[in-house]
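Visitor: Could you take me through a structure, one part at a time?
Guide: Certainly; let us look at the model together.

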Amino acid sequence: MLILEADRLSIAFGGVRAIDEVSISIASGQVFSIIGPNGSGKTTLFNLISGIYLPNDGSIRLAGETVTGLAPDRLARRGLSRTFQNLQIFSRMSVLENVMVGRHRHERTGILADLLHAPTVSRQNLATREAARAALARVGLANDGDRSAGSLAYGALKRLEIARALASEPIVLLLDEPAAGCNPVETQEIDRVIRSIVKDGITVVLVEHDMRLVMNISDRIHVLASGRTLTEGTPEQVRSDPAVVQVYLGVHGSQEAARAFD
Amino acid sequence: MSLRALLENRLMAAIAVAAIVVILPYFFPSAYYYRIGALVFIFALAVVGLNLLMGFAGQVSLGHAGFLGIGAYSVAIGPVHFGMPSWLCLFAGAILSGAVAFAVGRPILKLKGHYLAVATLGFGLLVAIVLTNEAILTGGPDGMSVPGLALFGWRARGSDTWYWIAGVTLVGGFVLALNLMESSTGRALQAIHDSEIAARVLGIDVARKKLTVFIISAMYASVAGSYLALFNGHITPDAAGFLRSIELVAMVVLGGMGSIFGSLVGAAVLVVLPQALTIFHEYEQALLGLIVMGFMIFLRQGIVPSLAAALAGWRKC
C-alpha cells in the first residue's frame, strides 16, 4: 500500500526552481531515502511534504487522502512527523518534557480542565509521562529524562528529536539528516533506532549524507539533482548508476573513478 | 528536593504564597502597610497573567494596561451609569477583556515575530484615548469615582479588607497559572517559546494556543484592574496608559520571565521601591531607574530564576 505520494511537486523561490516536478511514491513500512548533492533540494522536498512550504504545483497524498496545503500541525495530527537537520529542541524543558510535547496530538483535555487541574488532567499527565518514557527508552535515553535538554551531547539530541517525533505515534516519520555531525558510534546508534522504528510498521523517509547508513538501511533510494529527479531504485541500482556517480563526483571525477576501477 | 523542583511543585508553591499572604501582616508596623500589600498583590495578579504570555508563550504585550483599564472602568461605569452590582461588573469586565483580546489577537497571532507587541501597543493607546475622550461615560481625564464593592449587604472597606481579598485572589491566580503550566496546554506553550516550527510538526496549533493564553492573560489583567478601581475608589485613564503597560512588562522581566513566583517579587519591588524612595524626593525616579538597571545587570534572568540558580550552584559546591 502506498502511504505517501507526491505528484509532480514544484516550488520556486524567486525564479529558482528549487523543486521541479518531483514525484515520489512510498510504500508502507519502507525506509525510503532521498539523496543528492548539496543544494539538490532534499530539505526543500521535506519542507513541502511536511507542510512547512506550500507547493506552487503538484499534490501530496498521505494514506490515500489528499493533504496538499495542509498546515504542519494538521498533518501531524494525521500521523506525519519529522525531525530537523538543524536541531529544534525545546532547550528550556527537560529531556522528558520535550518528549511529552510529542504526545500533544493524543492529549484531549480542554483549557478549563487544564486551568482547574481536573482529575482527567492528572490521569492524562501520567499517561503522557509513561508514553514519553517509553519513547526515550527506545532511543537509548531512558536514564536522561530529568536532565535539562540543553545539557545533552549532540548525538543524544539527535536521538531526542527522534524520540519526540516517535512519541506522537506517526505513521510516516521524516528524518532530516539524523546522522549529520555524528561520530561512527552515534551513527550506528541511529541505524539501530531506525531499524527498530521500521519494525513497528512506521514508514521512514530519510534524508542523509552518510552513504554507508543510506545504503545499509534503505529499501528504495530517490536521487535528486538540482531540484529534479535523477533516478530511483534499490541501493544496488543506485550505487551502480553512472548518472548518480556523475552528479556526486562530477564528469571529470567519474572518469577518474572509472579509470581507477579498471 | 532541589530548589527548582520545590519552586515548580504546584502544591508547595500555592502553600508558600498563601503563607506569605497570612504571615506578612504580623510584620506590618502600621495600617498603611496593608495598603501597600494590597497593591502588590493586585499588581502581582496582573503580572502572573502577563508572565503566562511573555515568560511561557514568549509573546510580548505592550498594551496590557488596556485590559487593566477595561476591568477598572467596568466596575466604575456599570454601577454608576447602569446600576449593576460591582461583583457582576467585575465578571462582565473580565469576559469583555477576554472578548477584546480574542478580537485583537486573532488576526495578529497568526503572524510571526513581534507583531503582537506592536499591535497591543496600539490597542493600549486606543483604550486610553477612548477612556479620556468619552467624558460623559468615563469622566474624561479627571476620571470617575468608583462605588465600593458590596456583597449581600457586606461592604468591602479599608486597606486590611482589600489586603485579604487581593491576597486570596492572588493565591487563586497562582494556582490556576501553575495548573496550566503542568498540563497539555502549558507544555505546548513552553514548546512554542523555544521552537514554533518543532511545536507545529508535533501537532500543536500554534496560533490557537497563543490566542488562548493571550485571552487568559487579558482576563487576569482585567480582574486586577477591577480590584484596583474598587480599592482606590477612584479611577483615571492613566490606569490604562502606556506607562502602566511598561510597568507591567518591567515587573515580569524583573521578577523573572517564566517564573510564577517572580511575578510576585517583580510586582513587590516595583510597588514598594517607589514608596521607599520617596525620602529622596527629586532623585526618586533616577534612583528607581538605577536600581532596576542594577537588578537587570547582575540578575539577568530576573530576580527569582537568578537567585534560584545561584543557590543551586552554591549548594553543589
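Visitor: Which two strands should I look at to see parallel pairing over four bridges?
Guide: Strand β3 (residues 31–35) of chain A and strand β9 (residues 220–225) of chain A pair in that sense over four bridges. Strands here are DSSP runs of E with at least two residues, helices are runs of H or I with at least four, and both are numbered from the N terminus. Two strands pair if DSSP finds at least two bridges between them.

Visitor: How reliable is this, and how is the numbering done?
Guide: The model is predicted, and local features need pLDDT of at least 70, side-chain atom pairs count only at pLDDT 80 or more, and totals for chains, interfaces and linings use all residues. Residues are numbered from 1 along each chain as its sequence is written, with chains lettered from A and ligands numbered from 1 in the order in which they are written.

Visitor: What stands opposite I35(A)?
Guide: That is V223(A), in β9(A).

Visitor: What is the strand order in the open sheet of six strands?
Guide: The order is β6-β7-β8-β3-β9-β10 in chain A, and the pairing is mixed. At the edges are β6 (80–82) and β10 (228–233) of chain A, each of which pairs on one side only. Neighbouring strands of this sheet are turned by 20° against each other on average, direction ignored. Axes are lines fitted to C-alpha atoms, for helices over the stretch in contact, and angles run from 0 to 180 degrees between N-to-C directions.

Visitor: Which strands does helix α7 of chain A lie across?
Guide: Helix α7 (residues 184–199) of chain A lies across β3, β7 and β8 of chain A, and runs at about 150° to β8(A). Residues are in contact if their C-beta atoms, placed from the backbone, lie within 7 Å.

Visitor: Moving to chain B, how do α3(B) and α8(B) cross?
Guide: The axes of helix α3 (residues 32–56) and helix α8 (residues 159–181) of chain B come within 7 Å and cross at roughly 20°. The two helices are therefore roughly parallel to each other (angles under 35 degrees count as such, over 145 as roughly antiparallel, 65 to 115 as roughly perpendicular and the rest as oblique).

Visitor: Which kinds of residue make up that contact?
Guide: The contact of α3(B) with α8(B) has 17 nonpolar, five polar and two charged residues. Ala, Val, Leu, Ile, Met, Phe, Trp, Tyr, Cys and Pro count as nonpolar, Asp, Glu, Lys and Arg as charged, and the others, Gly among them, as polar.

Methods: Two residues are in contact if their C-beta atoms, placed from the backbone, lie within 7 Å.
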